[in-house]
Amino acid sequence: MSTERGRKICVVGASGKLGRYLVRHALDRGHQVVGVCRERSVGKLDAFAGRITIVPGATNDPEVIRRAVAGCDAVLTVLVPWGVRQYASGTARAVLDHADPGARLVFSCGWHVPRDERDRYSWRFRVSVRVGTWVGRALRVVEVDDQVAAARRIFASDRRWTVVRGSDLEEGASQGLPVWSRHVGDPLLASNRTRRVDYALFMVEALTDDTLVHEAPAIVGRLTPSALAHAGGRPAPDRP
Ligand SMILES: NC(=O)c1ccc[n+]([C@@H]2O[C@H](COP(=O)([O-])OP(=O)(O)OC[C@H]3O[C@@H](n4cnc5c(N)ncnc54)[C@H](OP(=O)(O)O)[C@@H]3O)[C@@H](O)[C@H]2O)c1
């Protein structure tokens, strides 16, 4: 994707916290933004009224996504596993099926999504994911494993994708572009904390960073203790 301003970017899941940061970063860079969100959440985008186009609807609805992504140079997708109806994998499929050929595709998810066998998880993390998966499904609230299925679908695609795997998130002022590792379990990531505004920054910057195509970076805040320790006390460089 060109670095020039005025590209057309679709934000799928625009009304959530991460989605609104994505919209803001994209507008700040002079891009034209199309946002997709549930009909009931359109009001959450009032701050951007007149500056973005909104396509209301479920993000796993292929027809909604087909209309929203038409003519877009890039699609930023917030993958969420809410409900027990394969919402995340349905959303990923709709974007992969309908985005323009050549469009840059960047997706969000959590660290619990493994890229390959070199990701290393503590037993505590594995137990919490297992319990969360079981309880979420039993209560019919969330399908943690469907986000994993969504990511697998993306990994198998020949589209120009990046899957950004987030640490635990917090609000607060930007600390700059997060640092990343190819593998969960890297000591660089030990602080497990990223500002949500910077998660969005990483996703938007990824649009113009072709070195991230077909990568699944696991990110952490650049000023967290583990990132600083990795860099010898100075703010860490951008690359592993
Ligand atoms: N939270 C964390 O600590 C954390 C950690 C690592 C990675 N992540 C990743 O970061 C991304 C954003 O997560 P977030 O926690 O920060 O949340 P968020 O940005 O507030 O986004 C939540 C999204 O889920 C949608 N949503 C909520 N309930 C829904 C339902 N029942 N059916 C369909 N959609 C529903 C929201 O849409 P509405 O606006 O319509 O409600 C919104 O788009 C996700 O990909 C997540 O996996 C989060």
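**Note on the predicted model: loops, ligand shell and core elements**

1. Gln86 lies in the loop that connects β4 (74-78) to α3 (87-98). The model under discussion is a predicted one. Although Gln86 is not a glycine, its phi is positive, at about 50°. Is Gln86 buried, exposed or partly exposed? It counts as partly exposed, because its C-beta neighbours inside 10 Å number 16, and the buried class would require 20 or more.

2. Arg85 is placed in this loop as well, between β4 and α3. Since Arg85 has 13 C-beta neighbours inside 10 Å, it is classed as partly exposed; a count of 12 or fewer would have made a residue exposed. Along the chain, Arg85 and Arg140 are 55 residues apart, and their C-alpha atoms are separated by 9.3 Å.

3. A positive phi in a residue other than glycine is also found at His214, where the angle is near 65°. His214 belongs to the loop between α6 (196-206) and β10 (218-220). With 15 other C-beta atoms within 10 Å, His214 is therefore partly exposed. A glycine may be added to this topic: Gly30, just after α1, takes a positive phi of about 80°.

4. The ligand has 23 residues around it, and those that come nearest are Ser15, Gly16, Leu18, Ser41 and Gly166. Two elements, α1 (17-28) and β5 (104-110), give two or more residues each to this shell. How do the residues of the shell divide into nonpolar, polar and charged? Nine are nonpolar, nine are polar and five are charged.

5. The UniProt record, an unreviewed entry, carries the annotation "domain: NAD(P)-binding" for residues 13-209. In the model, this span is 36% helix and 19% strand, and its end C-alpha atoms lie 22 Å apart. The annotation comes from the record and may be inferred rather than shown by experiment.

6. The length of α1 can be checked against expectation. The helix has 12 residues, which at 1.5 Å a residue should span 16 Å; the end C-alpha atoms of α1 are 17 Å apart, so the two values agree.

7. The buried residues of α1 are Leu18, Gly19, Arg20, Tyr21, Leu22, Val23, His25 and Ala26. Leu18 is also one of the residues that come nearest to the ligand. Against which elements do the buried residues of α1 pack? They pack against five strands and a helix, namely β1 (8-12), β2 (32-37), β3 (52-56), β4, β5 and α6.

8. Of these packing partners, β1 is mostly covered, with four of its five residues buried. β1 and β2 run parallel and are joined by five bridges. One bridge pairs Val11 with Gly35 of β2.

9. α6 is mostly covered too: nine of its 11 residues are buried. The buried residues are Val197, Asp198, Tyr199, Ala200, Leu201, Phe202, Met203, Val204 and Ala206.

10. β5 is largely enclosed by the rest of the structure, because six of its seven residues are buried. β4 and β5 run parallel, with five bridges between them. Within this pairing, Val75 has Leu105 of β5 as its bridge partner.

11. Ser108 is a residue of strand β5. Because 24 C-beta neighbours lie inside 10 Å, Ser108 is counted as buried. Which residues does Ser108 touch, leaving aside those up to four places away in sequence? The contacts are Leu18, Val78, Leu79, Val164, Gly166 and Met203. Two of these contacts, Leu18 and Gly166, appear among the residues that come nearest to the ligand, while Met203 is a buried residue of α6. Ser108 and Val75 are 33 residues apart along the chain, with 11 Å between their C-alpha atoms.

12. Pro114 sits beyond that strand, in the loop between β5 and α4 (123-138). Since 18 C-beta neighbours fall inside 10 Å, Pro114 is classed as partly exposed. From Pro114 to Val23 the separation is 91 residues in sequence and 27 Å in space, taken C-alpha to C-alpha. Val23 itself is one of the buried residues of α1.

Methods
Residues numbered from 1 in each chain as written. Predicted model: local features only at pLDDT ≥ 70, side-chain atom pairs only at ≥ 80, totals over all residues. Near = placed C-beta within 6 Å. Nonpolar A, V, L, I, M, F, W, Y, C, P; charged D, E, K, R; others polar. Expected span 1.5 Å × (residues − 1). Contact = placed C-beta atoms within 7 Å. Pairing = 2+ DSSP bridges.
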